[in-house]
Amino acid sequence: MFVISLISFSIQDNLGDPLREMVGQSVSEAERERLRDELGLNDPFLTQYGRFITKAVQGDLGQSYFFKEPALDVIMAKLPATLELVFGATLLIIVISIPAGVYAAIRPNSVLTKVILGFSILGISVPVFLTAIFCIYLFSIELGWLPSYGRGDLVPVFGAWESGYLTKDGLLHLVLPCISLASIMLPLFIRLVRSEMVEALSTEYVRFAKAKGLKKVRIYFLHALKNTMLPVITVGGVQIGTMVAYTILTETVFQWPGMGFLFLEAVNRVDTPLIVAYLIVVGAIFVIVNTLVDLIYGLINPTVRLAGGEK
Amino acid sequence: MSLLSVDKLRIEFPSRHGTAVSVKDVSFTLEKGEILGLVGESGAGKSTIGNGIINLLSAPGRVAGGKIILDGEPIQGLEGEAMRQIRGSRIGFIFQDPMTSLNPLLTIGTQLMETVIATRNTDENTARARALELLDAVGIPEPELRLAQYPHQFSGGMRQRVVIAIALAGDPELIIADEPTTALDVSVQNQVLELIRKLCKERDVGCILVTHDMGVIANTTDRVAVLYQGEMVECGDTMDILERPQHPYTRSLISAVPRSDIKLHRFPQVDYIEKADCKPIDIKNHWLGVKEDFGSFDHDKLLQVENLNLRFVTQNAFLEKNRRYVQAIDNVSFHVKEGETFGLVGESGSGKSTTARVIAGLYAPQSGNVIFAGQNMGQMSEKQRRPLRREIQMVFQNPYSSLNARMTVADIIAEPIHFHDLADSAMQTRQIVNDLLDHVGLGAAAGRRYPHEFSGGQRQRISIARALATRPRFLICDEPTSALDVSVQAQILNLLKDLQDELGLTMLFISHDLPVIRQMCDRIAVMKQGAIVEINDTDTLFSNPQDPYTQNLIDVMPHLDHLSREGLELETVA
Amino acid sequence: MSSNTLAQAAETTKMQKFFKSNFWYSFTRDKVAIVSFTIFVILAGAALLAPVIAPTNPYDMAAIDIMDSELPPSWSEEGDERFLLGTDDQGRDLLSTILYGMRTSLTIGLCAVMLQMFLGVVIGLSSGYFGGRMDSFLMRMADIQLSFSTMMVAIIVLAVFQASFGSELYSKLAMLMLILVIGIAEWPQYARTIRASVLAEKKKEYVEAARVMGFGSGRIMFRHILPNCLSPILVISTVQIANAIISEAALSFLGLGMPVSQPSLGALISSGFEYIFSGSWWITVIPGIVLVVLVLVMNLLGDWLRDVMNPKLYKG
Amino acid sequence: ATLKMALDADPVSLDPHEQLSGGTLQMSHLVFDPLVRWNKDLSFDGRLAEKWERVDENTMRFHLRKGVKFHSGNEMTAADVKWTFDRLLTSPDFKAVFEPFSGMNVVDEYTIELVTKRPYPLVLNAASYIFPMDSKHYSGMDDKGQEKGLLKKHADTYASRNASGTGPYTVIERQQGVKMVYDRFDGYWDANSPGNVDQIVLTPIKEAPTRVAALLAGDVDFIAPVPPTDHKRLEKSEGTDLVTMSGTRVITFQLNQNRVEAFKDKRVRQAIAYAVNNEGIVKKIMKGFATAAGQQGPKGYAGYVEDLKPRYDLKKAKALMAEAGYEDGFTITMMAPNNRYVNDEKIAQAVSSMLAKINIKVDLKTMPKAQYWPEFDKRSADMMMIGWHADTEDSANFTEYLLACADEATGWGQYNSGNYCNPAVDKLVKAAGSETDPAKRAAMLQEVEQTLYDDAAYIPLHWQNLAWGASKKAGIEEVVNVMDFPYLGDLVVKE
Ligand SMILES: Nc1ncnc2c1ncn2[C@@H]1O[C@H](COP(=O)(O)OP(=O)(O)OP(=O)(O)O)[C@@H](O)[C@H]1O
Ligand SMILES: Nc1ncnc2c1ncn2[C@@H]1O[C@H](COP(=O)(O)OP(=O)(O)OP(=O)(O)O)[C@@H](O)[C@H]1O
Ligand SMILES: [Mg+2]
Ligand SMILES: [Mg+2]
């Protein structure tokens, strides 16, 4: 966290001058200088960083220039949108990649397998923004089935969290962004599931399970799949973290009011407190996701659970 | 009618190099309650026959001909549901490795019960009762508690018993056990075999026992079939075959079995399998034979190990008190005299390898000294140690992983010569490498090839050549043959004996196999749970063991009194 | 026998060995691999020879005429035969631009992957080999690195870059900087893979054998362990090159890529993007197809390579 | 009816004085009403000022409309206008616009006078920036203990979150960067307004393709701006209309004479002006949705000279280069933003390739505007792009900021990265600044344009056109204008 904050804080100077985005064109340089002073932007780096850290320790990451609110609050307000997007995409990935990967592993020679693998390679090869815009073109403009931007109707769940999962409109709005976000990781997961499954199927205990006279379904979906999930979960954790980063592109294209979009805007507006806060939050998400993954891993893998604390 | 009759079974593995026939027209029958042994060297086709019967051949393999008749019904080539009905319910299968046969993520209970449900169509509760009964039958205490545990919480022997319990779950008429005890200790092995024997007799179940261990055959089976390169060369009553082998292969196999009753000078007749036609070099006048001036020390004791202790952390924790340790070496002391072979025996996990590694400098001991040639190795820096490292070499247990797969054999052997600057020129290095390869019976041409192109026995020869390349004085052999067939084992042991004779090497020889130890060693230390319980001369130890633990070890050792003694070369005691 | 003939003999056996090897065999059997390889060689060759093959030099600004912009490919009605694949929004010949752009993309892809590989190998090897604190430290670093997206790295590197070289040099060194960015952003992929295989390799006895011989850590790591970890490295490399090319395209999309006057394939696609619906589809679609094909064949080759090099799948 | 609209950005604040920007002004015209506003003929319509007259050289009197209610229900009086005017003078952004004024006098409850320091021709232009605020509503303390009327940039002030104006709409919901909802104000004074939109939902959509897609997909009814590449599509599409208008923002390049010796030579500057085919750029890159420029102010502005046309002539350019002794050319650096003006990056690229034809080799660097402005302030490159829109909608403003000799005290020449300095031009502009006779003033400003043209003081490219897209049912044609403040209060949507 500390490292992240230092790095992100130190790059802010290179992002540009926040003042320009705050004032009109005819404001004089002297006036801008005065405002800069007011913001403390002219202080030496260490002073600024010191001030930042002192406040950060108290949970205050500074005020966003643009939103005029504590940067952390702004990010937190957008967090649900991003999380819902990532959640939707993750769900899609899970729902598609596992059956597809398993199928490809058990029927290596079938036509459908070739199709799945071909598609997954194609998926890796096409950049996200292409997928996203193509989706909009096809589904919103040509077919008119799905909305092209935004989150649609929201329903508040617990307090501040507004969810798009509870209305039809909200769900419709989720479809395209989730698909295009998922498209980045889906191919990777299909291939991962497939190769791990192939590996699991070649193990001795699967052979033994066959020798025991078990039904195929049970062998594939209990014995092999459970073991397949272990590496998939480990990789998955890292990738979900990465996906949070990828939302930047998706959210921009779909005007999804989430953190990633916010971040890009913040970079454009040189809203440094927001940038720093974003990086810290994403770092935290990363840590949390990895910890969660370790926990889940422990739940599935008894060996780890018993060995405890070892990591 | 026989329980199982196999008639002219032929199994093929088609590949791009042509079709390999792994089982060639093998026929045999098996009666109820009978145990049939299947022996033969590695790759002879033993497992393939077993797998062929239940149609679990791996990928390109297929049953190309012949009949398999189970209780009057032909079952060869059955697929899908029909075969599933047979697997588990009528034929139980026990795999070689208990570590990998059980799914690590499912509890023992799940794995047992699912088998019961699948084979006997019962509900959950009956399955549970049956599972408890089975665990009890295979002698696992506290079955209730054990059902909820995972495989890694079981010891190897217990896991193998679970596997047996699973094989029995469907009340099969026939059990195929594919090397069920290779991964186990002698004592556990005995228990498991005893269990199988008991089950066959009590339940009138037929059993095919696949093994390459003559001891197991001798003690367990009623009849035995000998396989050689896919063909059945001999089949008959176990006693008959062991005492009066007809086929030359069977004979050579029997003579290659290390025995505990007599000490041989060399194993004879093993050349039936592998004929090395390389000329050994005159080693005494060779570079290898050059004796260096080793300086003076108490010449009696080349290596002294004093009060060695080492523990491993098994569970790491932030707080000291939460950590758990295993005491791998517990106050071990012994010495090895120049020129002798010192043996280290003990069951798996008793700390043999760990001791060897400390001596080789791979682990640093917690306390205690290793004094080699009068120098205390613990007090030296890595740099000072380097020349000593050269003098202590090691041959490892696993011939497959102890060679770097990406280097040619010549490079592997040349590297230490080069590194320690032992030769004057590249030419000389190459000459030495070629000579070494010749001497270990591979031939200089082998140098251009890569390790994976060699068999296990050949690789072990390469390891030996690599160890010799530094002109060591002290050679540690950590179970150098445990992964090998008896016949190949005999060759390697012969080679080591010859080298010792010629070069006057001092050896630390580690094994859990008492007969092997008996063949190789002058003095023996017995280890148990990290500590040495007894050190004695070989003959004394075998004839008059002092410690109860040693006595037990010698008791459970398979007795091979029936083996043919034809053509054996007895030790000429000097 | 002269040493010359000996060497020759060794050569021929090497060749023969290659043709007999599993590698060659499975290559000749796998139609997909052959086709992919052929396409890859053609594309890479064309990219390499761009200055020779390309009808015009798209980086020579004097040769461009804005009035030629957005001409459709020569086979369509309004096409101009000077421009086989039409022109882009600046009036550059699209064919030439694609060739040059592909050259840039491939260079960036290859070099960035080499950098990733270098960082990843060194870090992954040390992390796996030495273990303990060093391992946890390096892997935490990898985590942090991963949590910064490529874009953040781009901004950071850009910052450092400008601080040290000044912005004037930027356009000249943009390629270097992209290589740096992508190299730095994605080394953890390698480091993790390599660390995993090192952990597996480290336990093998040949490593202990090397230590018994008294060899130093460096020698053991690089001469003994590394060669045994090569196959996963090779396999992820093909995927990574493809990823790098796409990352570069994504960075261009965000305005952090190559200078506008020297578009890479990715930049070409994203800049032509707005034209796709206005009728000038070729500006983005043709380079898009080239990119997809390039990445596709590399991935297919990578897949094939992985299958060939995986001894587990070997026997099957 | 409800109007769903998507713009590239939403207003930064609800405080009309916080930032002088298009977004703020668009919001101001919805929530507030100005004293006067521009009409399509580029003259003024009275809004809150019913009529006005000049009292003397330095004073203009405005008669306020009676019975106008603020959203809070308070009535609008001269006191509110005065309060607003005084607040404007403290705004860093608006200060400059009101610099010529010495103050405002309240004559009676419905009459005020604007007083200038010297004769000033652009009083009405400035009055269009006065959007009276509800002084009663904004006085007192808010719950944070700050003055409600506090004007502070980038701070969480009461005024930045709450608005009470006299405009046709009230803000009922605002999530910054996400959504803004306006409802029609029941008590709106202008009963004659035909506007029938009850609710406006504004969503900022930054990505142009997404914005266009949203309109095409029918998710929104009104978008702005529309990128040139999508014009055809909107026109062709059945449900949508495209409205374009030649705009007033001029895009130019400045040639830095301090950095490049050759730029001091008038012939070189002219050569460059002749080498740049700005009509080509308009045709090809801007797809015709811009007007090629030969001067700063567009047609309709006081200084506009009919004869000053774009002058692309490559031969002449080469000849001029040869004459100046630069036949073999030289190398220069160029910088341009890549997300500020329409197609800015492409234009810069095209210009560099045009210059290559007269052997001037250009090292072009483009960057996001956030990084560009600091570079611009540092005058980091030999040729820099700058676009300008006169806040006063007047010709003089261009020269004051872009081409006058740099003068810190007056702020003139603040954006003159070319360091062009011609005292004669400055003098003329200054004189025009206090010339109240429109004809005389126009003559002066025309002379300025002519001089700059002859001097090739800068390279004019074009005036960006404005483009709005809307679904057919919304009659946006009637309410849009060159200033890009759609008067949505008057918008009629067909049901
Ligand atoms: N999947 C396979 N593909 C090709 N050949 C195979 C395959 N499985 C086994 N073989 C070949 O079949 C022959 C018999 O193998 P099998 O496993 O039956 O030997 P085994 O007697 O059980 O040896 P071990 O004692 O080592 O287990 C060997 O030559 C082996 O190479
Ligand atoms: N690296 C290690 N970390 C933790 N524990 C270890 C390690 N190496 C060995 N041990 C433990 O030390 C004990 C002694 O192991 P060692 O390998 O010396 O046994 P061994 O007698 O050679 O057995 P085997 O016959 O199976 O090779 C065992 O309990 C083992 O689990
Ligand atoms: Mg076998
Ligand atoms: Mg051991």
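## Reading helices, a sheet and a ligand site

Tutor: Let's start with α11(D), whose buried residues are D:S395, D:A396, D:N397, D:F398, D:T399, D:Y401 and D:L402. Keep in mind that we're looking at a predicted model.

Student: How many residues of helix α11 of chain D are buried?

Tutor: Buried means under 20% relative accessible area. By that cut-off, seven of the eight residues in this helix, which spans 395-402, are buried, so α11 of chain D counts as mostly covered.

Student: What covers the buried residues of α11(D)?

Tutor: Look around the helix in chain D: the cover includes two strands, β12 (240-255) and β16 (383-388), and two helices, α12 (423-432) and α13 (438-455).

Student: Which residue caps the N-terminal end of α11(D)?

Tutor: That's D:D394. One of its side-chain oxygens sits 3.1 Å from the backbone nitrogen of D:A396.

Student: Okay, on to sheets. How do strands of a sheet pair?

Tutor: Through backbone hydrogen bonds, either parallel or antiparallel. Now hop over to chain B, where six strands make an open sheet with mixed pairing, in the order β16-β17-β18-β13-β19-β20. At the edges you'll find β16 (392-395) and β20 (531-537), each paired on one side only. On average, neighbouring strands here are turned by 20° against each other, if you ignore direction.

Student: Do β17 and β18 of chain B run parallel or antiparallel?

Tutor: Parallel: five bridges join β17 (residues 474-478) to β18 (residues 506-510) in chain B. To spot the pair on screen, find B:C477, which stands opposite B:F509 in β18(B).

Student: Which helix lies across β16 and β17 of chain B?

Tutor: Helix α13 of chain B, residues 382-391, and it runs at about 50° to β16(B).

Student: Now the ligand. Which residues surround ligand 2?

Tutor: Among them are B:F312, B:A328, B:Y363 and B:E479, along with B:G349, B:S350, B:G351, B:K352 and B:S353. Helix α12 of chain B (residues 352-360) gives the largest share of that shell, with three residues.

Student: Where are the polar atoms of B:S350, B:S353 and B:E479 relative to ligand 2?

Tutor: Take them one by one. B:S353 has a polar side-chain atom 2.6 Å from an oxygen of ligand 2. For B:S350, a polar backbone atom is 3.1 Å from a ligand 2 oxygen. With B:E479, an N or O atom of the side chain is 3.1 Å from an oxygen of ligand 2. Overall, the protein covers 65% of the 630 Å² of accessible area that ligand 2 has on its own.

Technical notes. Residues numbered from 1 in each chain as written. Chains lettered and ligands numbered in written order. Predicted model: local features only at pLDDT ≥ 70, side-chain atom pairs only at ≥ 80, totals over all residues. Heavy atoms only, no water. Pairing = 2+ DSSP bridges. Helix = DSSP H or I, 4+ residues; strand = E, 2+ residues; numbered from the N terminus. Axes fitted to C-alpha atoms, helices over the stretch in contact; angles between N-to-C directions. Contact = heavy atoms within 4.5 Å. Buried < 20%, exposed > 50% of the residue type's maximum accessible area, 1.4 Å probe, protein only. Polar contact = N/O pair within 3.5 Å; in protein donor to acceptor, adjacent residues only side chain to side chain. Near = heavy atom within 4 Å. Areas by Shrake-Rupley, 256 points an atom, 1.4 Å probe, with all protein chains shown as cover.
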